[in-house]
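The following exercises are to be worked through with the sequence and the coordinates at hand. Each task is followed by a solution in steps.

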Amino acid sequence: MEKPIEAISPEAMTRLESYDWPGNVRELENTLERAVALESGREISLRVLPNRVRGLCRRLAIGVSPGQDGEFPAEGIDFEKEIAEAERRYLQRSLEKSSGVRTRAAELLKISYRSFRHYAKKHNI
């Protein structure tokens, strides 16, 4: 693609190395091609990797079935309760990361400030 990509950020490399790659080399190749196409800097960053590689889907799965490494429990789950708990955790963590600045927390979650206020009210945060 003739882009001046010189490196992969340490965070992105960690996620690339820890991902299972069910599609093997072809999936890795496609992911890196996509990252190069989307990257505007000289280093492939975490933000240009797909959610599945960045671990967003896995983090939600781990939250749904703690201690089972993302496997679905045989007895099932209370879906609405688990999703509400995940929402609350992400709201709290974004507020911690933003030192309590709600507009920044909304930006970290990639939602509008209005949506952030809605979820914060819903979870009494």
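**Exercise 1. Decide whether Leu-32 is buried, partly exposed or exposed, and describe its surroundings.**

Solution.
1. The relative accessibility of Leu-32 in this predicted model is 26%. Buried requires a value under 20% and exposed a value over 50%, so Leu-32 counts as partly exposed.
2. The residue belongs to helix α2, which spans residues 24–38.
3. When residues up to four places away in sequence are set aside, Leu-32 touches Ile-8 and Leu-16.
4. Val-48 lies 16 residues from Leu-32 in sequence, and their C-alpha atoms are 9.4 Å apart.

**Exercise 2. State which elements make up the fold and in what order they occur.**

Solution.
1. The protein contains seven helices and two strands.
2. Read from the N terminus, the order is β-α-α-β-α-α-α-α-α.
3. Of the contacts between residues at least 6 apart in sequence, 49% join residues at least 24 apart.
4. As for the surface, 27% of the 125 residues count as buried. The accessible surface is about 8900 Å², and carbon and sulfur atoms account for 51% of that area.

**Exercise 3. Identify the residues of the largest nonpolar core and the helices that supply them.**

Solution.
1. A general expectation comes first: in soluble globular proteins, nonpolar side chains tend to be buried together.
2. The largest nonpolar core comprises 10 residues: Ala-12, Leu-16, Tyr-19, Trp-21, Ala-35, Val-36, Ile-44, Val-48, Leu-49 and Val-53.
3. Helix α1 (10–18) and helix α2 each contribute at least two residues to this core.
4. A second, separate core has six residues, among them Leu-95, Ala-105, Ala-106 and Phe-116.
5. Tyr-19, a member of the largest core, is in contact with Glu-27, Arg-52 and Val-53, its neighbours within four places in sequence being left aside.

**Exercise 4. Examine the salt bridge between Glu-27 and Arg-52: where do its partners lie, and is each of them buried or exposed?**

Solution.
1. The side chains of Glu-27 and Arg-52 form a salt bridge with an N to O distance of 3.0 Å. This distance satisfies the cut-off, since a salt bridge requires the nitrogen and the carboxyl oxygen to be within 4 Å.
2. Glu-27 sits in helix α2 and Arg-52 in helix α3 (residues 51–54); the pair thus links distant parts of the chain, 25 residues apart.
3. Glu-27 has a relative accessibility of 14% and is therefore buried.
4. Arg-52, at 36%, is partly exposed.

**Exercise 5. Give the number of salt bridges in the model, and analyse the pairs Glu-39 with Arg-47 and Glu-87 with Lys-122.**

Solution.
1. In general, side chains of opposite charge can pair when their charged atoms come close.
2. The count for this model is six salt bridges.
3. In one of them, the side chains of Glu-39 and Arg-47 meet at 3.3 Å, N to O. Glu-39 is buried, with a relative accessibility of 4%, whereas Arg-47 is exposed, at 52%.
4. In another, the closest N and O atoms of Glu-87 and Lys-122 are 3.1 Å apart. Glu-87 belongs to helix α5 (residues 79–97) and Lys-122 to helix α7 (residues 113–122), so this salt bridge ties together parts that are 35 residues apart in sequence.
5. Lys-122 has a relative accessible area of 48% and is therefore partly exposed.

Technical notes. Residues numbered from 1 in each chain as written. Predicted model: local features only at pLDDT ≥ 70, side-chain atom pairs only at ≥ 80, totals over all residues. Heavy atoms only, no water. Helix = DSSP H or I, 4+ residues; strand = E, 2+ residues; numbered from the N terminus. Buried < 20%, exposed > 50% of the residue type's maximum accessible area, 1.4 Å probe, protein only. Contact = heavy atoms within 4.5 Å. Areas by Shrake-Rupley, 256 points an atom, 1.4 Å probe, with all protein chains shown as cover. Core = buried A, V, L, I, M, F, W, Y, C linked by side-chain atoms within 4.5 Å.
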